[in-house]
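This note is addressed to a colleague who has not yet examined the structure. The points below take up its pockets, its nonpolar core and one of its helices in turn.

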Amino acid sequence: IVLVGLPARGKSFVARKLLNFLEWYGCDCKIFNVGKYRRQAYAEVSADSSSSGACDADFFDSKNEQAAALRERVAEIALKEMLKWLDDEEVESD
């Protein structure tokens, strides 16, 4: 299940509720929050050492090539971790 949408609309809340239900039902589940990956990556490359990883609107501007590259890198990291988790789960179930 993939949840997408505008910020602060309840995606993480719904994801946790689904995770709890599906695990109770017996399904192996994991949440991959790309926003969490993005905040960590942004905090690492931010010039402001006091940054908590929160991004301003300029970070999401399509003309901001540096931010676009970071967003792409974060998406790739999340995708690789998802695929690794899926591959590991497949091996365990055989």
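**Notes on the pockets, core and first helix**

1. Helix 1 contributes seven residues to the lining of the largest pocket, the largest share of that lining. The coordinates come from a predicted model, and the values in this note should be read accordingly.

2. The largest pocket encloses about 1,200 Å³ of space. Its lining comprises 34 residues, and those closest to the centre of the pocket are Val2, Leu3, Phe32, Asn33 and Val34. At least two lining residues are supplied by each of helix 1 (11-25), helix 2 (34-45) and helix 3 (65-93). In character, the lining of the largest pocket consists of 21 nonpolar, eight charged and five polar residues.

3. Helix 1 itself has 15 residues. From its first C-alpha to its last it reaches 21 Å, which is close to the 21 Å expected at 1.5 Å a residue. Gly26 follows helix 1 and has a positive phi, near 110°.

4. The second largest pocket has a volume of about 210 Å³. Which elements give two or more residues to its lining? They are helix 2 and helix 3, and helix 3 provides the largest share, four residues. The residues lining this second largest pocket include Tyr42, Val45, Asp56, Phe59, Ala67, Leu70 and Arg73. By class, the lining of the second largest pocket divides into five nonpolar, three polar and three charged residues.

5. The largest nonpolar core holds 10 residues: Phe32, Tyr37, Ala41, Tyr42, Cys55, Phe59, Ala67, Leu70, Val74 and Ala78. Helix 2 and helix 3 each supply at least two residues of this core, with the largest share, four residues, coming from helix 3. As a general background to this point, nonpolar side chains in soluble globular proteins tend to be buried together.

6. Several residues appear under more than one heading. Tyr42, Phe59, Ala67 and Leu70 belong to the largest nonpolar core and also line the second largest pocket. Phe32 is likewise a member of the largest nonpolar core, and it is among the residues closest to the centre of the largest pocket.

7. Phe32 merits a separate remark. Which residues is Phe32 in contact with, leaving aside its neighbours within four places in sequence? They are Tyr37, Glu81, Met82 and Trp85. Of these partners, Tyr37 is also listed in the largest nonpolar core.

Note on methods: Residues numbered from 1 in each chain as written. Predicted model: local features only at pLDDT ≥ 70, side-chain atom pairs only at ≥ 80, totals over all residues. Heavy atoms only, no water. 1 Å grid on protein atoms, 1.4 Å probe; cavity = no way out; pocket = protein on both sides within 12 Å on 5 of 7 lines; lining within 4 Å. Points joined across faces, edges and corners; volume = space filled by probe spheres on them. Nonpolar A, V, L, I, M, F, W, Y, C, P; charged D, E, K, R; others polar. Core = buried A, V, L, I, M, F, W, Y, C linked by side-chain atoms within 4.5 Å. Buried < 20%, exposed > 50% of the residue type's maximum accessible area, 1.4 Å probe, protein only. Contact = heavy atoms within 4.5 Å. Expected span 1.5 Å × (residues − 1).
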